[in-house]
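Please load the model in a viewer and keep the selection panel at hand. The tour proceeds by selections, each followed by a description of what is found there.

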Amino acid sequence: MIYTQSDFKSYARPNLKGGGGEVLITEFVPKEAMTNCRLICEQVVPTGASIGRHVHLNETEFYLIHKGTGIVIEADGEKPVGPGDVVVTGHGEMHSVVNTGDDDLVMTAIIVTH
């Protein structure tokens, strides 16, 4: 199966997971077409916006950072992220993302269910 850009669903999520501002989400694959995966999308976090702290249960989330800079907050502290970095948040783990740069923070998010 191939999905083209005309198949993608885009929308803005204000205060995603309790964060600040709006995050633009573009879903690449419809939810009903996925098995063992809950989300495959691009997330654009504008300057100063964030994705709030949240815990993943029975799933693992991967962020592949493509553009921009930010801070990822995990249980063991804050860590800077930028292009080429991959953030992995497993079952029972918490994370949050804040765009601290001057440009949009653009990343692919993939949530795999256990």
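**Cysteines**

This predicted model holds zero disulfides. Select C37 to begin: C37 takes part in no disulfide, and the nearest cysteine sulfur, that of C41, lies 9.7 Å away. Why is C41 not bonded to C37? The sulfur of C41 is 9.7 Å from its closest cysteine counterpart, in C37, which is too far for a bond, because a disulfide requires the two sulfur atoms to be within 2.5 Å. Colour both residues by accessibility. C37 counts as buried at 16% relative accessibility, and C41 is buried with a relative accessible area of 0%.

**Strands β3, β5 and β10**

Next, select strand β3 (residues 37–45) together with strand β10 (residues 105–113). These two strands pair in the antiparallel sense over eight bridges. Within this pairing, L39 stands opposite I111 in β10.

Now add strand β5 (residues 59–67) to the selection. β5 and β10 also pair in the antiparallel sense, over eight bridges. To inspect the register, display Y63, which stands opposite A109 in β10. When side chains are shown, one general point is useful: in a regular strand they alternate between the two faces of the sheet.

**Salt bridges**

Turn now to the charged side chains. How many salt bridges does a search of the whole structure find? The search finds four.

Select E59 and R38 first. E59 forms a salt bridge with R38, with the closest N and O atoms 2.9 Å apart. This pair links distant parts of the chain: E59 belongs to β5 and R38 to β3, 21 residues apart. Is each partner buried or partly exposed? E59 is buried, at a relative accessible area of 8%, whereas R38 is partly exposed, at 37%.

Then select K31 and E27. A salt bridge joins K31 to E27, and the closest N and O atoms are 3.0 Å apart. K31 is partly exposed, with a relative accessible area of 47%, while E27 is buried, with a relative accessible area of 7%.

Finally, select E74 and K79. Their salt bridge has its closest N and O atoms 2.6 Å apart. K79 counts as partly exposed at 30% relative accessibility. Extend the selection to D76: salt bridges that share partners join E74, D76 and K79 into one network.

Notes: Residues are numbered from 1 along each chain as its sequence is written. This is a predicted model: local features need pLDDT of at least 70, side-chain atom pairs count only at pLDDT 80 or more; totals for chains, interfaces and linings use all residues. Side-chain values use heavy atoms; hydrogens and water are left out. Buried means under 20% relative accessible area, exposed over 50%, partly exposed in between (1.4 Å probe, protein chains only). Helices (H or I, at least four residues) and strands (E, at least two) are DSSP runs, numbered from the N terminus. Two strands pair if DSSP finds at least two bridges between them.
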